[in-house]
Amino acid sequence: MHARSADINLSPSSLAVLTEGVALIAPNGAITSANPALCGLLDMPVERIVGANVLDPPWHLETRANEPISAAEGPVAHVLSGAGSLVDETVLLRSGRRATWVRMRVGPIEPDNTESGVIFALGDLTSVVDAEQNLHRLMFTDALTALASRDQIIRRVAELLIDCQTTACRVGVLHVDIDGFRAINDSFGPSIGDAVLVEVAERLRDLTDRRVEVGRVGVDEFLLVVRGDDPALAFDTRMRRLAEEVQRRIAVPYATNSLELHLTASVGAARGPDDADAAVELLAAADRALQTSRRRGRNQFRFHDVTVDIRNRQHLHLDRDLRLATARHELDVYYQPIIDLRSGELAGAEALLRWHHNERGPVSPAEFIPAAEATGAIGAISDFVLNTVATDMTEWDRDGIFPTKRRISVNISAAEFNRRDFLERLASVLDNARLDPERIELEITESLLVDDLRMAADRLRQLDRQGVHVSLDDFGTGYSSLSYLHQLPLHTLKIDRRFVGDFSDDRSGTITRTIVALAHNLGVVAVAEGLEHERQRRFLDSCGCDLAQGFLFAPPLPKSAFESFLRSSGTTALTGTA
Ligand code: C2E
Ligand code: MG
Ligand code: MG
């Protein structure tokens with residue numbers, strides 16, 4: 001009976017209309033039919049495919065890490081043996097001389113029963129992978145100088161730091177800033193300024209020969225990354241010499257038209273894992289060293305000084321104060337409306353934490369969240385945010401002021417998401433407030449997927465089953481590969497503010513356009529962050545971006561102000577007045 005119903009639904013002629021390459025496979029692995037799209041993907045006539053066996057096929061598959069997938073023991077064999085129920089993976093398909101990225105899906109024709117055979121489908125991912133490579137090129141090289149971009153440098157430093165854990169090497173970072181560069185731009189115009197920057201890049205570029213990587217990270221700021229296998233003191237000496245070499249090269253006069261310009265540079269240095277063991281922190285340490293060196297005048301060099309950091313930290317008492325903050329009622333949740341760009345209506349809101357420190361005044365979450373993660377205070381803070389949001393939403397539902405189809409987004413940091421009891425705690429908060437999980441969207445960052453994709457994917461699937469939506473925050477700043485995003489139950493991509501900031505620069509524009517297209521390709525909603533100006537809104541509209549949040553609509557608002565916003569916007573369309 002089962003086999004017959006499969007025959008009826010999946011005849012070769014009905015397969016012919018599918019754009020995915022599809023084959024039907026008998027329980028012994030023999031391919032019984034294949035559609036034209038599959039012949040196209042494999043570049044083979046149908047006679048060579050039908051009759052072949054998927055356990056020893058005339059093609060090869062490789063994982064994303066370029067490891068061969070054995071046909072006899074791989075996921076397809078598993079499904080056939082009845083051990084695995086469904087495969088959904090991005091793989092590299094090699095057939096003849098062709099290599100194509102495909103999304104491979106294999107599953108029983110009858111649910112949970114392979115006796116009537118399995119269906120094997122390959123979807124061509126070439127366009128997604130091309131777009132991804134394009135995006136990576138844009139994100140990882142600096143358009144003006146073709147040096148590495150900040151993202152690329154962070155990636156490189158992160159890789160080296162991982163190496164250091166096993167080989168006891170060091171990673172040095174030099175942060176170089178041209179003294180008084182703004183004056184050049186102001187007095188001679190940006191085209192001379194750009195020419196000078198390109199020249200500086202040329203002079204630094206060939207330093208890369210000595211296992212040094214160079215990138216441009218700000219208008220007139222450059223980063224050099226060095227790997228060192230030498231002992232600490234010798235490595236410091238090497239970095240100091242490198243800094244001097246950089247300063248010497250930058251000091252050679254620049255001839256532009258009729259002018260001769262003389263420049264100097266300040267340099268700050270930090271070394272990992274001694275000064276910091278995470279990439280972003282190591283860069284921040286080099287930046288702090290640069291600030292100290294700048295304060296001493298031009299053409300200076302300074303190493304990062306740990307004692308300065310310790311002094312600062314002690315002064316802030318961040319750790320102790322954070323733990324007291326909840327008890328002292330210094331924490332508060334603000335809400336920023338998220339607007340549908342087409343209809344102008346409210347599409348949801350993002351909950352953003354605020355800390356009103358009794359002595360220091362408002363402290364930015366960007367500053368205290370990382371500290372809270374480091375000290376473990378994040379657990380209590382996260383509970384506070386989730387509880388507040390759940391309570392507030394139940395209240396709004398009662399008063400009927402927040403649309404019941406809309407969600408509130410809550411930021412969840414990696415340290416929190418990875419905690420073993422995270423899912424249970426979330427469930428119990430929602431349960432206590434009698435809030436439907438479908439009213440909550442969690443915002444996570446890409447780094448979380450990079451650390452442990454399998455674990456993250458498991459959690460995301462559990463959340464998905466509960467109806468909790470998940471969005472990928474600050475998209476474009478991390479290192480994730482887009483081609484596996486389709487395997488994760490994500491609902492939203494939030495385009496980082498950096499790319500939304502300035503469309504006068506076509507790199508950002510192209511990145512934004514590509515991200516929106518990819519989001520739609522993956523079937524998820526694209527949200528732009530940090531929308532401040534009407535012209536940004538017009539650009540986003542032209543890209544087909546779905547939603548946006550930013551000062552143009554409203555800043556993050558305290559609860560009462562957000563309620564007034566909800567009441568005044570009501571069901572009428574919101575106009576984009578700041
Ligand atoms: P995020 O999730 O990317 O939040 C967006 C940030 O952009 C917020 O900064 C928001 O105030 C700001 N913003 C919104 N519209 C505009 C605009 O038009 N222009 C500009 N320049 N900025 C805009 P905020 O509130 O300082 O939060 C910073 C980060 O701290 C957040 O970035 C998020 O990663 C984290 N964070 C905030 N609240 C929480 C929380 O409850 N838990 C966790 N784990 N992290 C949080
Ligand atoms: Mg967010
Ligand atoms: Mg964000």
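In this predicted model, the magnesium ion (ligand 3) is held by protein donors from three residues named here in chain order: Asp-473 (OD), Asp-474 (OD) and Glu-529, which appears twice through OE. These donors sit 1.9 to 2.6 Å from the ion. Read along the chain, their spacing is D-D-x54-E. The ion also has company: the magnesium ion (ligand 2) lies 4.0 Å away from the magnesium ion (ligand 3), and Asp-473 coordinates both. Asp-473 belongs to strand E20 (residues 469-475), while Glu-529 comes from the loop between strand E22 (525-528) and helix H22 (534-543), so this pair ties together parts of the chain that are 56 residues apart in sequence. Both Asp-473 and Glu-529 are buried.

Asp-474 deserves a second look. This residue, also in strand E20, has a positive phi of about 50° even though it is not a glycine. Asp-474 counts as partly exposed because its relative accessibility is 24%, and the buried class stops at under 20%.

Backbone oddities turn up elsewhere too. As background, most residues other than glycine have a negative phi, and most peptide bonds are trans. His-329 goes against the first habit, with a positive phi near 55°. His-329 is found in the loop between helix H13 (318-325) and strand E15 (331-340), and with a relative accessibility of 71% it counts as exposed. The second habit is broken between Gly-272 and Pro-273, which are joined by a cis peptide bond with omega at about -5°. Pro-273 sits in the loop that runs between strand E13 (265-272) and helix H11 (279-295).

Then there is the packing of the interior. In soluble globular proteins, nonpolar side chains tend to be buried together. Here the largest nonpolar core takes in 88 residues, and the members that touch the most others are Val-389, Ile-408, Phe-417, Ile-444, Leu-460 and Leu-463. Helix H15 (residues 378-399) supplies the largest share of this core, with eight residues. Leu-460 gives a feel for how the core is wired: leaving aside residues up to four places away in sequence, it touches Phe-417, Ile-444, Leu-449, Val-470, Leu-488, Pro-489 and Leu-490. Two of those partners, Phe-417 and Ile-444, are themselves on the list of core members touching the most others. A second core, separate from this one, has 32 residues, among them Val-200, Ala-201, Phe-222 and Phe-303.

Conventions. Residues are numbered from 1 along each chain as its sequence is written. Chains are lettered from A and ligands numbered from 1 in the order in which they are written. This is a predicted model: local features need pLDDT of at least 70, side-chain atom pairs count only at pLDDT 80 or more; totals for chains, interfaces and linings use all residues. Side-chain values use heavy atoms; hydrogens and water are left out. Donors are N, O and S atoms within 2.8 Å of the metal (3.2 Å for Na, K and Ca); water is not among the atoms, so sites may look incomplete. Helices (H or I, at least four residues) and strands (E, at least two) are DSSP runs, numbered from the N terminus. Buried means under 20% relative accessible area, exposed over 50%, partly exposed in between (1.4 Å probe, protein chains only). A nonpolar core is a set of buried Ala, Val, Leu, Ile, Met, Phe, Trp, Tyr and Cys residues joined through side-chain atoms within 4.5 Å. Contact means heavy atoms within 4.5 Å.
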